[in-house]
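Here's a short set of exercises, each with a worked solution. Have a look at the model first, then work through them in order.

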Amino acid sequence: MKTTLCILTKNELPCLEVLLPEVLAVCKKNSIDKIFAIDGGSTDGTVEFFKKNNVNIITQKNRGRGDAFHVAFNQIESDLYIFYSPDGNEDINDINKFIEYCNLGADIVIASRMMKDAYNEEDENILKFRKWANNIFNLMANITFRRSGSYVTDSINGYRAITKKAAKSLNLDAKDYTIEYQMTMRAFKKKLKIHEFATIEGKRLFGETQAKSIPTGLRFLRCYFREIFIKI
């Protein structure tokens with residue numbers, strides 16, 4: 001199975017300076033066929049850093065995380081796509097698990113921050129607003145759309161892999177941070193095989209998340225209600 005790691009970036013230079021050497025080493029160890037950086041318009045030297053390290057780059061013509069997924073599916077020939085954000089939250093050493101479970105027949109593999117033995121970056125907090133919101137959206141998706149298979153615990157997490165065949169079947173059209181949520185809900189509708197494994201979510205190394213809580217939450221609500229009425 002030809003596998004591509006898709007690194008999604010926008011102004012992540014400080015994080016990349018720390019993480020990219022390990023990313024390249026892990027990809028080599030796990031025989032990843034291709035590595036592509038899909039960049040959403042960085043102005044901090046991210047693109048130049050990728051070029052310096054001989055990483056293939058695709059610059060998005062349009063903005064949005066969802067658009068980066070569409071760029072990958074449309075412009076990179078691969079059997080399996082692994083999506084990775086180099087901000088410190090996602091453990092690159094999990095990469096072999098995506099490959100393993102897809103080779104065993106999974107259509108989508110999700111690194112879950114919510115299942116047993118996993119760790120969410122808010123777990124040490126008394127108030128876990130982001131985690132609680134994610135769990136509510138996750139419950140809504142499972143109750144409304146899941147008709148077979150196990151309960152999915154982290155339908156929103158972006159650290160995931162999907163086969164080309166599955167991606168084509170879902171007719172994804174989200175352009176923003178709702179792309180993974182849409183992917184999971186449509187996979188439920190299609191009764192695709194989703195597998196999860198427990199992951200340890202780290203702290204963001206530098207800067208702040210580009211997804212603001214309230215606007216992002218409203219987008220998830222719109223995405224959810226839209227999926228109720230859409231057939232694929």
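**Exercise 1.** Take the salt bridge between Asp176 and Arg219 and work out which parts of the chain the pair links.

*Solution.* Start with the contact: the side chains of Asp176 and Arg219 meet at 3.9 Å, N to O, where a salt bridge is a side-chain nitrogen of Lys or Arg within 4 Å of a carboxyl oxygen of Asp or Glu. Next, place the partners: Asp176 sits in the loop between helix 6 and helix 7 (179–190), while Arg219 is in helix 8, so the pair links distant parts of the chain, 43 residues apart. Helices here are DSSP runs of H or I with at least four residues, strands are E runs of at least two, and both are numbered from the N terminus.

Before going on, a word on the model: it's predicted, so local features need pLDDT of at least 70 and side-chain atom pairs pLDDT 80 or more, while totals for chains, interfaces and linings use all residues. Residues are numbered from 1 along each chain as its sequence is written, and side-chain values use heavy atoms, leaving out hydrogens and water.

**Exercise 2.** Say whether Asp176 and Arg219 are buried, partly exposed or exposed.

*Solution.* The cut-offs are under 20% relative accessible area for buried, over 50% for exposed, and partly exposed in between (1.4 Å probe, protein chains only). Asp176 has 22% relative accessibility, so it counts as partly exposed. Arg219, at 35%, is partly exposed as well.

**Exercise 3.** Find the partner of Glu227 and say what the pair ties together.

*Solution.* The partner is Arg186, with the closest N and O atoms 3.0 Å apart. Glu227 lies in helix 8 and Arg186 in helix 7, so their salt bridge ties together parts 41 residues apart in sequence. Check the burial too: both Glu227 and Arg186 are buried.

**Exercise 4.** Which residues join Arg130 and Glu121 in a network of salt bridges?

*Solution.* First, the pair itself: the side chains of Arg130 and Glu121 meet at 2.7 Å, N to O. Arg130 is partly exposed at 28% relative accessibility, whereas Glu121 is buried at 17%. Now widen the view: Arg113, Asp154 and Glu201 are linked with them in the network. For the whole structure, the count is 15 salt bridges.

**Exercise 5.** Decide whether helix 3 (65–75) is largely enclosed or open.

*Solution.* Count the buried residues: 9 of the 11 in helix 3, so the rest of the structure largely encloses it. Among them are Arg65, Asp67, His70 and Phe73.
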